[in-house]
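Biologist: I should like to learn how to read a structural model feature by feature. May we begin with a single residue and work outwards?

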Amino acid sequence: MPESRGLALLRGHGSLLFALALAGVLVLALLPVSDQGGSDKLNHVCAFLVLGLLAQCSWPARRLRVFAGLLLLGGVIEIAQHFVGRDTAWADWLADAGGLLFAFLLWYALPARWRAPAAGD
């Protein structure tokens, strides 16, 4: 059965979409403003859920290494926030981990044909 157009787009441009999402997360996380609206923990979960799903789609064979890197990035962001006048909260890092865990579980809830690496991966 052929891939959907959306999945084909992710397969072809997943790493670019990941890079754009990562840039957006970094900018929002390091803005010197602490109130960006919404629930702070929900923002963390959603950001790392998106990063986790895009990472799995882009590099399915390196999934665990990418997740470890994203988890490390979450900690580095929390430390960096101290230097831009924002609060450092390790509960935010736990929310990041929760988003990554949710992305990991959601990935396995997808049909296997969506998770299989495309030809040439």
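Modeller: Let us begin with His82, bearing in mind that this is a predicted model. His82 counts as exposed, because its relative accessibility is 53% and the class begins over 50%. His82 belongs to helix α3.

Biologist: Which residue, 52 places away along the chain, is compared with His82 by C-alpha distance?

Modeller: That residue is Leu30; the C-alpha atoms of His82 and Leu30 are separated by 9.3 Å.

Biologist: Is Gln81 buried or exposed?

Modeller: Gln81 is buried, with a relative accessible area of 1%. Gln81 also sits in helix α3. Once neighbours within four places in sequence are set aside, Gln81 is in contact with Ala29, Leu30, Arg86, Asp87 and Thr88.

Biologist: How does one place such residues within the overall fold?

Modeller: One reads the secondary structure along the sequence. The chain has 5 helices and 0 strands, in the pattern α-α-α-α-α. Of its 121 residues, 30% count as buried. The accessible surface comes to about 7,200 Å², and carbon and sulfur atoms account for 71% of that area.

Biologist: What share of the contacts between residues at least 6 apart in sequence joins residues at least 24 apart?

Modeller: The share is 72%.

Biologist: Let us turn to charged side chains. How many salt bridges are there?

Modeller: The approach is to look for side chains of opposite charge whose nitrogen and oxygen atoms lie within 4 Å. The count here comes to 2 salt bridges. In one of them, Asp40 meets Lys41, with 3.3 Å from N to O. Lys41 also forms a salt bridge with Asp92, where the closest N and O atoms are 2.6 Å apart. This pair links distant parts of the chain, with Lys41 in helix α2 and Asp92 in helix α4, 51 residues apart. Through shared partners, Asp40, Lys41 and Asp92 are joined into one network.

Biologist: What is the relative accessibility of each member of that network?

Modeller: Asp40 is partly exposed at 33%, and Lys41 is partly exposed at 34%. Asp92, by contrast, counts as buried, at 4%.

Biologist: How should one read a charged residue that has no salt bridge?

Modeller: One asks where the nearest side chain of opposite charge lies, and then what else the residue reaches. Glu78, in helix α3, is an example. Glu78 is buried yet has no salt bridge, and the nearest side chain of opposite charge, Arg86, is 7.0 Å away. That distance is not within 4 Å, so the pair does not qualify as a salt bridge.

Biologist: Which backbone atom does the side chain of Glu78 reach?

Modeller: The side chain of Glu78 reaches the backbone nitrogen of Ala89 at 3.0 Å. Apart from neighbours within four places in sequence, the residues in contact with Glu78 are His44, Asp87, Thr88, Ala89, Trp90, Asp92 and Trp93. Asp92, met above in the salt-bridge network, is thus among the contacts of Glu78.

Biologist: Finally, how does one read aromatic pairs?

Modeller: A pair of aromatic rings is described by the distance of the centres and the angle of the planes. The count here comes to 3 aromatic pairs. One of them is formed by Phe18 and Trp59, with 5.1 Å centre to centre and 85 degrees between the planes, an edge-to-face arrangement. Phe18 lies in helix α1 (residues 5–30) and Trp59 in the loop between α2 (40–58) and α3 (63–83), so the pair ties together parts that are 41 residues apart in sequence. Phe18 is buried, at 10% relative accessibility, whereas Trp59 is partly exposed, at 25%.

Biologist: Why is the pair of Phe104 and Tyr108 classed as edge-to-face?

Modeller: The ring centres of Phe104 and Tyr108 are 5.2 Å apart and the planes stand at 65 degrees; planes over 60 degrees apart count as edge-to-face, so the pair falls in that class. Phe104 and Tyr108 are 4 residues apart in helix α4 (residues 90–109), and are therefore separated by about one helical turn. Phe104 is partly exposed, with a relative accessible area of 26%, and Tyr108 is partly exposed at 41%.

Biologist: Which residue joins Phe104 and Tyr108 in a cluster of ring pairs?

Modeller: That residue is Phe67; ring pairs link Phe67, Phe104 and Tyr108 into a cluster.

How values were computed:
Residues numbered from 1 in each chain as written. Predicted model: local features only at pLDDT ≥ 70, side-chain atom pairs only at ≥ 80, totals over all residues. Heavy atoms only, no water. Phe/Tyr/Trp six-rings, centres within 6.5 Å; stacked < 30°, edge-to-face > 60°. Helix = DSSP H or I, 4+ residues; strand = E, 2+ residues; numbered from the N terminus. Buried < 20%, exposed > 50% of the residue type's maximum accessible area, 1.4 Å probe, protein only. Lys, Arg positive; Asp, Glu negative; His and termini not counted. Polar contact = N/O pair within 3.5 Å; in protein donor to acceptor, adjacent residues only side chain to side chain. Contact = heavy atoms within 4.5 Å. Areas by Shrake-Rupley, 256 points an atom, 1.4 Å probe, with all protein chains shown as cover.
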